[in-house]
Amino acid sequence: KKYRNAILAYTAGIKQRCPDPTINAVLFCNRATSNFYLGNYRSAVRDCVLSRKCKPDHLKAFVKAAECCMKLEKYDEVLTWCSAGLTVMIF
């Protein structure tokens with residue numbers, strides 16, 4: 001539950017610019033989760049977008065972004081994230 005420390009650690013990992021896109025996607029998504037638990041929903045969505053840039057089929061990024069959009073009461077965006085996530089799951 002040390003989310004602020006986790007954000008700093010994930011940020012340090014991201015700054016290392018690992019050549020493996022999966023690792024980068026996980027780092028962004030984990031930072032998004034830490035931001036989510038601190039109530040930083042917009043930052044969390046931004047990290048989910050960055051996670052998808054690293055790995056477009058990273059399903060956890062879709063789920064976390066949809067959760068954030070629910071908290072922000074952006075229901076159209078929730079549907080968009082969920083639909084896109086389902087598309088990734090099907091293929």
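**Figure 1. Helix α4 and the elements that cover its buried residues.** In this predicted model, the cover over the buried residues of α4 includes α2, α3 and α5. The residues of α4 that count as buried are A61, F62, K64, A65, A66, C68 and C69. General helix geometry helps in reading such a list: an α-helix has 3.6 residues a turn, so residues three or four places apart point the same way. The length of α4 also follows expectation, because 13 residues at 1.5 Å a residue should span 18 Å, and the end C-alpha atoms of α4 are 19 Å apart, which agrees.

**Figure 2. V45 of helix α3 and its contacts.** V45 is found in helix α3, and with a relative accessibility of 13% V45 counts as buried, because the cut-off for a buried residue is under 20%. When neighbours within four places in sequence are left aside, V45 is in contact with A65, C68, C69 and W81. Of these partners, A65, C68 and C69 are listed among the buried residues of α4. The view may also include A61, whose C-alpha atom is separated by 8.5 Å from that of V45, although the two residues are 16 residues apart along the chain.

**Figure 3. The loop between α4 and α5, with E73.** E73 is found in the loop between α4 and α5, the latter formed by residues 75-90. Just after α4, E73 takes a positive phi of about 60 degrees, and this positive value occurs in a residue other than glycine. The relative accessible area of E73 is 57%, and E73 is therefore exposed, since the cut-off for that class is over 50%.

**Figure 4. The loop between α1 and α2, with R17.** R17 is found in the loop between α1 and α2, and its phi is near 50 degrees, a positive value in a residue other than glycine. R17 has a relative accessible area of 74% and is exposed. A reader who compares this view with that of E73 will find a positive phi in a residue other than glycine at R17 and likewise at E73.

**Figure 5. Helix α2 and its buried residues.** Helix α2 covers residues 21-38, and its 18 residues, at 1.5 Å a residue, should span 26 Å; the end C-alpha atoms of α2 are 26 Å apart, which agrees. The buried residues of α2 are N24, A25, L27, F28, C29, R31, A32, S34, N35 and F36. What covers these buried residues includes α1 (3-15), α3 (41-54) and α4 (59-71).

**Figure 6. S34 and Y37 in helix α2.** S34 lies in helix α2 and is buried, with a relative accessible area of 5%. Not counting residues up to four places away in sequence, S34 touches Y3, A6, I7 and Y10. Y37 also lies in helix α2, but at 49% relative accessibility Y37 counts as partly exposed. The C-alpha atom of Y37 is separated by 9.8 Å from that of R4, and these two residues are 33 residues apart along the chain.

**Figure 7. H58 in the loop between α3 and α4.** H58 is found in the loop between α3 and α4, and with a relative accessible area of 11% H58 is buried. Leaving aside neighbours within four places in sequence, H58 is in contact with A25, V26, C29 and S51. Two of these partners, A25 and C29, are listed among the buried residues of α2. The C-alpha atoms of H58 and C29 are separated by 8.7 Å, although the residues are 29 residues apart along the chain.

**Figure 8. The whole chain, for orientation.** The protein chain has five helices and zero strands, and read along the sequence these follow the pattern α-α-α-α-α. A compact globule of 91 residues would have a radius of gyration near 12 Å, and the protein chain has 13 Å, which agrees. The C-alpha trace spans about 35 × 30 × 15 Å along its principal axes. Of the 91 residues, 33% count as buried, and the chain exposes about 6000 Å², of which carbon and sulfur atoms supply 58%. Among contacts between residues at least 6 apart in sequence, 51% join residues at least 24 apart. The chain carries 15 positive and 7 negative charges, and the mean positions of these two groups are 9 Å apart.

Conventions
Residues numbered from 1 in each chain as written. Predicted model: local features only at pLDDT ≥ 70, side-chain atom pairs only at ≥ 80, totals over all residues. Heavy atoms only, no water. Helix = DSSP H or I, 4+ residues; strand = E, 2+ residues; numbered from the N terminus. Rg over C-alpha atoms; globule rule 2.2 N^0.38 Å. Buried < 20%, exposed > 50% of the residue type's maximum accessible area, 1.4 Å probe, protein only. Contact = heavy atoms within 4.5 Å. Areas by Shrake-Rupley, 256 points an atom, 1.4 Å probe, with all protein chains shown as cover. Lys, Arg positive; Asp, Glu negative; His and termini not counted. Charge placed at Lys NZ, Arg CZ, Asp CG, Glu CD. Expected span 1.5 Å × (residues − 1).
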